[in-house]
Amino acid sequence: MTQQLNYNSKSPSPCHCLNIRRASRSVTQFYERVLEPSGLKVTQYSLLRNLEWAKLVSMTELARIMRIDRTTLNRNIKPLVKAGLIEVNASGEDSRSRNVTLTEAGKVTLANAGVLWREAQEAIEEYLGIEELDTLRNLLSKLEALV
């Protein structure tokens, strides 16, 4: 494994929200550093991976799957369309409805980025340990259920 994580304890804030946001930014920065050779941001990798699982899907459904609003999805899709990694086509059901699909170039990029993503995953697993990660996943799910 080429990725190393160093434990440098930071003093927490009394604000739970701030602590969670700081941790989220740090994890995002770590994944972005690992994914950098692929040319993808972690949000783009996630979008491509969700699209791979969903196959051909409407923008509305993809936004629902990813738990983001359509405006954010539209903003995140534009550079991927420009790069030729995804295609957006009218669905025919409604003039406003559009379907999104992964291109062959998108599949190749995703496969290459997947190797790097797994490297980041393994580094986080090694850093926290499986038991603590399971606890973290449960706590994050509980927090997400607040809204």
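What span should the 13 residues of helix α2 (residues 42–54) have at 1.5 Å a residue, and how far apart are its end C-alpha atoms? The expected span is 18 Å and the end C-alpha atoms lie 18 Å apart, so the two values agree. The structure is a predicted model. This briefing treats helix α2 and then the aromatic pairs, one of which involves Tyr45 in that helix.

**Helix α2**

- The buried residues of α2 are Val42, Gln44, Tyr45, Leu47, Leu48, Arg49, Asn50 and Leu51.
- In general, an α-helix has 3.6 residues a turn, so residues three or four places apart point the same way.
- Lys55, just after α2, adopts a positive phi of about 65°.

**Aromatic pairs**

- Two aromatic pairs are found when the whole structure is searched.
- One is formed by Phe30 and Tyr31 in an edge-to-face arrangement, with 5.9 Å centre to centre and 90° between the planes.
- Phe30 and Tyr31 are both buried.
- The other is the stacked pair of Tyr45 and Trp117, at 5.7 Å centre to centre with 20° between the planes.
- This pair links distant parts of the chain: Tyr45 belongs to helix α2 and Trp117 to helix α5 (residues 104–128), 72 residues apart.

**Accessibility within the stacked pair**

- Tyr45 has a relative accessible area of 4% and is therefore buried, the cut-off for this class being under 20%.
- Trp117 has a relative accessible area of 27% and is therefore partly exposed, as this class lies between the 20% limit for buried and the 50% limit for exposed.

Notes. Residues numbered from 1 in each chain as written. Predicted model: local features only at pLDDT ≥ 70, side-chain atom pairs only at ≥ 80, totals over all residues. Heavy atoms only, no water. Helix = DSSP H or I, 4+ residues; strand = E, 2+ residues; numbered from the N terminus. Expected span 1.5 Å × (residues − 1). Buried < 20%, exposed > 50% of the residue type's maximum accessible area, 1.4 Å probe, protein only. Phe/Tyr/Trp six-rings, centres within 6.5 Å; stacked < 30°, edge-to-face > 60°.
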